[in-house]
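Let's work through a few exercises together, one small step at a time. Keep the structure open beside you as you read.

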Protein chains: 2
Amino acid sequence: MALTARDRLIDAAFELFDERGYDQTTVDEIAARAGAGRTTFFRLFRAKEDVIFPPHEALLEAAAARLSTATAETAGVALTEATAIVLEYYLTEGRRARIRYRLTNAVPALRDREVASMRQYQRLFREFALRWLPDTPAARLHAELLGNAAVTAHNHVLRRWLRGETEAVRAEFADAMAEVLRLHAAGLGPAPAPSTPSPDAASVLVLRTRKDLDRLLPQLERLLE
Amino acid sequence: MALTARDRLIDAAFELFDERGYDQTTVDEIAARAGAGRTTFFRLFRAKEDVIFPPHEALLEAAAARLSTATAETAGVALTEATAIVLEYYLTEGRRARIRYRLTNAVPALRDREVASMRQYQRLFREFALRWLPDTPAARLHAELLGNAAVTAHNHVLRRWLRGETEAVRAEFADAMAEVLRLHAAGLGPAPAPSTPSPDAASVLVLRTRKDLDRLLPQLERLLE
DNA sequence: TACAGTAACGGTACTCAGTTCCACCGCGAA
DNA sequence: TTCGCGGTGGAACTGAGTACCGTTACTGTA
């Protein structure tokens, strides 16, 4: 099966933006290289900028679906994993994520769009946090802070990876989210301090191979003594 | 002294946007009502959107100036007051702040611009927080979280005021910033919360006791094989 | 096979934001 | 007066985004 027009347009856009830069590329040129018409481009993408951004609608839906299964006890894990869905998408993008990162740093319009799209996730997470909180002004502030903190942790770790500062993205993200949840522990759900970690907590470990475990075990035993 | 062309353009823009809406108003119409030319508009404002937004450059400078006087002991107060400078500007705007709030809620392009401009403050506050923190990955995350939290607290309270949900903006903002600083106390300045464990690997693995490790180890080994 | 309905496609022309170039005006200095 | 010179506005241009419309390709139906 041949690539869809949508895929061809995305390919063409990344190629051209990478070669000449964003402002130096017109929508006509993208459409031409993709063998499509201008009209088709704007039917498939609301604006020129949209062609290089992740499918945030789909990611938002996936994240919302993950959140919908949470209980008060697993809220922290759910938030972590919902955020991880977005992170995983970026990780699968490889080369494109790097091109986009360079472009968003260079072109103000793209950076603005990127920043603005984060707002959607913040809202989703805020509404999620509000489920477990009383309807008070203080709680609404807490919910907003937590939602923004989750997105901040995500972006922070993602940017480190995009800059080549780390390979252990998933581990760092788990660390960052754990820290976020610890900071906001007072405001969300039952405090994680008590000695019964939920069974889902294992998913936060981000150990991928047996070697990871061997490496971490000595540290763990020392810390837990 | 007559109003400057800049002031007349701002007045005209608020009037027209308020009367007809943002998309239904062209730059030519704004310039015409202000008795100026199109060229003058674009010399004074980089884009159509900019004409209704606060002078963020000046506010950023003022905030930075306030921050520059801080010591490690007064960092929290400095951050609060620097953020308050921005809040105070909005409070002096009165009617215009309300018009802008309605417009930014209705017009995606304006909301995006508004969100993007917040990023400047986040960066300023992050750099400020980094002054008092060691140069470690964990500290950089803390700095970013704190910077974003300060902006979040500001926006949260400001929006409540814009929606008419409160008159006690300054008091609520002080409360919110106090809460933010309390949450991030572990990461900034002298910690008022004594017994908080430092963020280590231990906080990620929700293991709290040696017994937890013994219990989970068999499962882990099985999973990782 | 022919035909009708429908959905996607692509071309054309339009509006308007933003840029560039240039001519003009007022004003102070030599 | 004449020479700059900063501020101004007009005119033309590029390109994003929209509206309209004719054409093509793919369905199901007779």
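**Exercise 1.** Find how far apart the end C-alpha atoms of residues 26-45 of chain A lie, and what the span is made of.

Step 1. In this predicted model, the two end C-alpha atoms lie 14 Å apart.
Step 2. The span is 70% helix and 0% strand; helices (H or I, at least four residues) and strands (E, at least two) are DSSP runs, numbered from the N terminus.
Step 3. Now look at the record: an unreviewed UniProt entry annotates these residues as "DNA-binding region". UniProt positions follow the numbering used here, feature names are shortened, and annotations may be inferred rather than shown by experiment.

A note on conventions: residues are numbered from 1 along each chain as its sequence is written, while chains are lettered from A and ligands numbered from 1 in the order in which they are written. Local features need pLDDT of at least 70, side-chain atom pairs count only at pLDDT 80 or more, totals for chains, interfaces and linings use all residues, and side-chain values use heavy atoms, leaving out hydrogens and water.

**Exercise 2.** Describe the protein surface near DNA strand C.

Step 1. Start with the residues around the strand (a heavy atom within 4 Å). There are 13, and A:G37, A:T39, A:T40, B:R38 and B:K48 come nearest. Of the strand's atoms within 4 Å of the protein, 46% are sugar and phosphate.
Step 2. Next, look for polar contacts (pairs of N or O atoms within 3.5 Å). Phosphate oxygens of strand C lie 3.0 Å from a backbone N or O atom of A:G37, and 2.6 Å from one of B:K48.
Step 3. Which elements give two or more residues to this surface? They are α3 (38-44) of chain A and α3 (38-44) of chain B, with α3(A) giving the largest share, three residues.

**Exercise 3.** Do the same for DNA strand D.

Step 1. Among its 13 surrounding residues, A:R38, A:K48, B:G37, B:T39 and B:T40 come nearest.
Step 2. A polar backbone atom of A:K48 is 2.6 Å from a phosphate oxygen, whereas a polar side-chain atom of B:T39 lies 3.0 Å from a base nitrogen.
Step 3. Here α3(B) gives the most, with three residues.

**Exercise 4.** Which residues does A:F125 touch, not counting those up to four places away in sequence?

Step 1. Contact means heavy atoms within 4.5 Å.
Step 2. The partners are A:L67, A:L79, A:A82, A:T83, A:G147, A:A150 and A:V151.

Methods
Polar contact = N/O pair within 3.5 Å; in protein donor to acceptor, adjacent residues only side chain to side chain.
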